[in-house]
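Here is a short set of exercises with worked solutions. Keep the structure open beside you and try each task before reading on.

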Amino acid sequence: MNSVLVASNRGPVSFTVSDDGELTMRRGGGGLVSGLSGVAKDEGVLWVCAALSNDDRSAVRVAPGGRIDQAGYDTGALRMLDIPQATFHRAYNAVANSTLWFVNHLLYDIPNEPYFGTRFEREWESYRDYNGAFALALAEEAGHGARVMVQDYHLTLTPAMLRAERPDLRIAHFSHTPWAPPEYFSLLPDEVAGEVLEGILGADHAGFLTGRWAESFMDCCEALLGAEVDRVGRSVTHEGRTTRIGVHSLGVDGDALWERACEPDVESHMAAIRDQVGERRLIVRIDRTELSKNIVRGLVAYREFLAAHPEWHGRVVHLAFAYPSRHDLPQYREYTASVQRCAQEIEDEYATEDWDPLILNVNDDYPRSLAAYRMADVLLVNPIRDGMNLVAKEGPVLSPRCALVLSREAGAAAELGPHALVVNPYDVSGTAAALHEALVMPEDERRARRDRLYAAATALPPQKWLAAQLDALA
């Protein structure tokens, strides 16, 4: 039985099946995996996650009870859940990514969506089943009094379900997204909104990336549930139970990131980029083609910058890495197409025989991203809304002279804002002006700002972030 358990939709490893039927395991990425690796050996961590691919399901079906030995990895033991594909699709795509994500990122085109009818009722039932599968697995695996850390918007119902099964456990839930204010959160059907809030309140500790998102959650509990909220002490009391509210601002492990960024594959990408752009200044953005990332407005801002400042023609290049995201959803396929159309318009208008003003890449390549970070003169991070945004923190760690243009709607703005050029993400002209200001910033100011950004970005690396939440459950 395990004393520390982590539950998330995506796990620390994934599997591929070769042509000869051999299973190969690959370590997953992300701050959560990095943070967990530091405590897995000492704490006896078990990670519960979903099988995301057919190859993952193949691995689960040959593993006794779905328990998989992660030979060669420090991310603890693993139990991967083989949830029926139809249930997973409805829970993940229709509810988590098309409803809860849209609500908390304020993404709906309100005159036209959302619709909540009989179809959504079926989808919500699958979301319940999905959360129930996690709750059951955690209940089976947890030792008496174990600490359980449930991650993100995919699993908002799991804490309350698990509490009903195992009241002896210490349960935390962490939201990696923003949280909507009550007037927007109440777009959800009343019973669904209440179920989400009460699901998280089944935890002893509910964590958020910034005080702003924690305040919004407490506001929703007060407005929609009539819960008693202590904003000074950060707690919510509802139906006789009190949930403490924590703010844990995820940062970057600067040493580990630098070590990876100095590998030969990264150096090779740096040489290739330098061959493309020469000694021109570089404006860099690195994002998934996610609706909230605001890539199109960022490209339009760059076009306005070029129109307003012809003196920069031939002297600057915008590296825009926009990696595919959620192409199962039609809105995301169209958004990726919009990004590509806008990029082509900039090329058509400004490119010359010896100057490509914009280099757009839509194929995911982590070493290339690290290379771009190291070479960036300006980093553009302009999301409509973001829980944190680690790109804003990784860039200044790797670039010795990076000026950061940062949306005020990114969670990272709470820590990095005083040292960045903060913009309204909807103000394209304001963003264009900030790009110019970042390019002409005096060198001493540029380096001083970058040093302060580095300190803020590395203040709470993943290991400390995870440890602080485990301590909150002690």
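The chain's secondary structure comes to 18 helices and 18 strands, where helices (H or I, at least four residues) and strands (E, at least two) are DSSP runs numbered from the N terminus. This is a predicted model, in which local features need pLDDT of at least 70 and side-chain atom pairs count only at pLDDT 80 or more, while totals for chains, interfaces and linings use all residues. Residues are numbered from 1 along each chain as its sequence is written, and side-chain values use heavy atoms, with hydrogens and water left out.

**Exercise 1. The whole chain**

Find out how the radius of gyration of the chain compares with that of a compact globule.

Solution. Start with the rule: the radius is taken over C-alpha atoms, and the globule value is 2.2 Å times the number of residues to the power 0.38. For 474 residues this gives a value near 23 Å, and the chain agrees because its own radius is 23 Å. Next, look at the box: along the principal axes, the C-alpha atoms fill roughly 65 × 55 × 40 Å. Then turn to burial: 57% of the 474 residues count as buried (under 20% relative accessible area; exposed is over 50% and partly exposed in between, with a 1.4 Å probe and protein chains only). Finally, take contacts (heavy atoms within 4.5 Å): among those with a separation of 6 or more, 76% join residues 24 or more positions apart.

**Exercise 2. Two residues of one helix**

Decide whether Thr 158 is buried or exposed, and then examine Ala 160 in the same way.

Solution. Thr 158 belongs to helix H5, residues 158-165. Its relative accessibility is 0%, so Thr 158 counts as buried. Beyond its neighbours within four places in sequence, Thr 158 contacts Asn 131, Phe 134, Ala 135, Leu 138 and Val 150. Ala 160 also lies in H5, but at 29% relative accessibility Ala 160 counts as partly exposed. With residues up to four places away set aside, Ala 160 touches Glu 198, Gly 199 and Gly 202. The C-alpha atoms of Ala 160 and Leu 197 are 9.7 Å apart, with their positions 37 residues apart along the chain.

**Exercise 3. The core**

Which residues touch the most other members of the largest nonpolar core?

Solution. A nonpolar core is a set of buried Ala, Val, Leu, Ile, Met, Phe, Trp, Tyr and Cys residues joined through side-chain atoms within 4.5 Å. The largest one has 157 residues, and Trp 179 and Phe 185 touch the most other members. Follow Phe 185 outwards: leaving out residues up to four places away, its contacts include Val 103, Trp 179, Leu 197 and Leu 224. Now try Phe 208, in strand E9 (residues 205-208). Phe 208 is buried because its relative accessibility is 0%, and its contacts beyond four places in sequence include Trp 179, Trp 213 and Phe 217. As background, nonpolar side chains tend to be buried together in soluble globular proteins.

**Exercise 4. An enclosed helix**

Work out why helix H14 is largely enclosed by the rest of the structure.

Solution. H14 spans residues 391-398, and eight of its eight residues are buried, so the helix is largely enclosed. Its buried residues include the charged-type names Lys 393 and Glu 394, along with Val 391 and Leu 398. In the usual grouping, Asp, Glu, Lys and Arg count as charged, Ala, Val, Leu, Ile, Met, Phe, Trp, Tyr, Cys and Pro as nonpolar, and the others, Gly among them, as polar.

**Exercise 5. Backbone geometry**

Find where a cis peptide bond occurs, and look up phi for Arg 234 and Asn 294.

Solution. The cis bond joins Glu 113 and Pro 114, with omega about 10 degrees. Pro 114 sits in the loop between H3 and H4. Arg 234 is not a glycine, yet its phi is positive, about 55 degrees. Arg 234 is in the loop between strand E10 (228-230) and strand E11 (235-238), and its relative accessible area of 30% makes it partly exposed. For Asn 294, phi is near 65 degrees, again a positive value in a residue other than glycine. Asn 294 is placed in the loop between strand E13 (281-288) and helix H11 (295-308), and at 1% relative accessibility Asn 294 counts as buried.
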